[in-house]
Amino acid sequence: MEHVIAFLRELYRNNDRAWFAAHKEEYLRVKATVERFAAELIDGIAAFDDSVRGLGVNDCTYRIYRDTRFSPDKRPYKQHIGIFICPGGKKSGRSGYYFHIEPRHSDSETDSATGGHFLVTGLYRPEPRVLHSVREEMLYNGAQLEENIARAAREGFTLSRENQLKRQPLGFPTDTPYASYLRLRDVLLERPLSDAELTAPDLTTRTLAAFASTAGFCRQLNRAVEYALEEE
């Protein structure tokens, strides 16, 4: 993965079509590396979550080209690489396992850093009907949810609180031990990865072990997702 990180660092500094065209062969080597790794993850995750069995690499990977038509940010290329393995593929709206590659970048003017590699399991920006179903799952099966979160915590995952409501969602009680979960809008377990972890020879083994600890959480969310889809 060293050359993947190196390429993304250079792309961050040179995000324009002329540079990319001059380094297209290098990008194709990066793409091949990521696709081989994605195939290993799909097979490995299928061993503990049968719902992803049969997915192809194209079902779980993304184009590096950005759609800039309606964005003020006109940079043509994404500065990260993602792999999302979930039932039905990346556009299904179901919970799954996401692997994110993005070197950290320092801004000398603001003395801040952006980026960073990470693992995530869960639902990002679910549709309202799906989120409502997930909140009902949290309300009625909160003890199981907490067990699943605790299991993942032993592998370094934490529950993301970044995007949550300040107040309880309409129609849900406040006098429940699971009230804080009901305010979530993204339902995600996340774990950072260092450059050293990303370039270690046992990356695949360690990644699968980490994701396996989140499988119960993922299945519980997808139970709620399936209920919402059936109700539709």
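**Exercise 1. A pair within one helix**

Task: Find how close the side chains of Glu10 and Arg13 come in this predicted model, and where the two residues lie.

Solution:
- Step 1. Start with the atoms: Glu10 and Arg13 form a salt bridge whose closest N and O atoms are 2.7 Å apart. The cut-off for such a pair is 4 Å.
- Step 2. Now place the residues: both belong to helix 1 (residues 2-13), and because they are three residues apart there, about one helical turn separates them.
- Step 3. Finally, look at the surroundings. Glu10 is partly exposed, at 33% relative accessibility, while Arg13 is exposed, at 54%.

**Exercise 2. Further salt bridges**

Task: Work out which parts of the chain the salt bridge of Glu226 and Arg94 ties together, and then visit some other charged partners.

Solution:
- Step 1. The side chains of Glu226 and Arg94 meet with an N to O distance of 2.5 Å.
- Step 2. Glu226 sits in helix 10 (residues 215-231), whereas Arg94 is in the loop between strand 1 (81-85) and strand 2 (96-101), so this pair connects parts 132 residues apart in sequence. Glu226 itself is partly exposed, with 29% relative accessibility.
- Step 3. Turn to Asp67 and Arg69, which also form a salt bridge, at 2.7 Å from N to O. Asp67 is partly exposed at 47%, and Arg69 is exposed at 62%.
- Step 4. Add the network in which salt bridges link Arg66, Asp73 and Arg75. Across the whole structure, the search finds 12 salt bridges.

**Exercise 3. Cysteines without a partner**

Task: Explain why Cys86 is not bonded to Cys60.

Solution:
- Step 1. Count the disulfides in the structure: there are zero.
- Step 2. Check the distance. The closest cysteine sulfur to that of Cys86 belongs to Cys60, and at 7.0 Å it is too far for a bond. A disulfide would need the two sulfur atoms within 2.5 Å.
- Step 3. Repeat the check for Cys218: its nearest cysteine sulfur is that of Cys86, 8.0 Å away, and Cys218 is in no disulfide.
- Step 4. Consider accessibility. Cys86 is buried at 0%, and Cys218 is likewise buried at 0%.

**Exercise 4. The nonpolar interior**

Task: Identify the residues that touch the most other members of the largest nonpolar core, and follow Phe99 to its contacts.

Solution:
- Step 1. The largest nonpolar core has 60 residues, and Phe7, Ile85 and Phe99 touch the most other members. Helix 3 (residues 24-46) contributes the most to this core, with nine residues.
- Step 2. Leaving aside neighbours within four places in sequence, Phe99 is in contact with several residues, including Phe37, Leu41, Ile83, Phe118, Leu119, Leu193 and Phe211.
- Step 3. Look apart from this core for another one: it has five residues, among them Phe84, Cys86, Tyr98 and Leu188.

**Exercise 5. Strand 5 and its neighbours**

Task: Is strand 5 (residues 117-123) largely enclosed or open, and which strands does it pair with?

Solution:
- Step 1. Six of the seven residues in strand 5 are buried, so the rest of the structure largely encloses this strand.
- Step 2. On to the pairing: strand 5 and strand 2 are antiparallel, over five bridges. Here Phe99 has Leu119 of strand 5 as its bridge partner.
- Step 3. Strand 5 also runs antiparallel to strand 7 (residues 187-193), joined by seven bridges. In this pairing, His117 stands opposite Leu193 of strand 7.

Notes: Residues numbered from 1 in each chain as written. Predicted model: local features only at pLDDT ≥ 70, side-chain atom pairs only at ≥ 80, totals over all residues. Heavy atoms only, no water. Helix = DSSP H or I, 4+ residues; strand = E, 2+ residues; numbered from the N terminus. Buried < 20%, exposed > 50% of the residue type's maximum accessible area, 1.4 Å probe, protein only. Core = buried A, V, L, I, M, F, W, Y, C linked by side-chain atoms within 4.5 Å. Contact = heavy atoms within 4.5 Å. Pairing = 2+ DSSP bridges.
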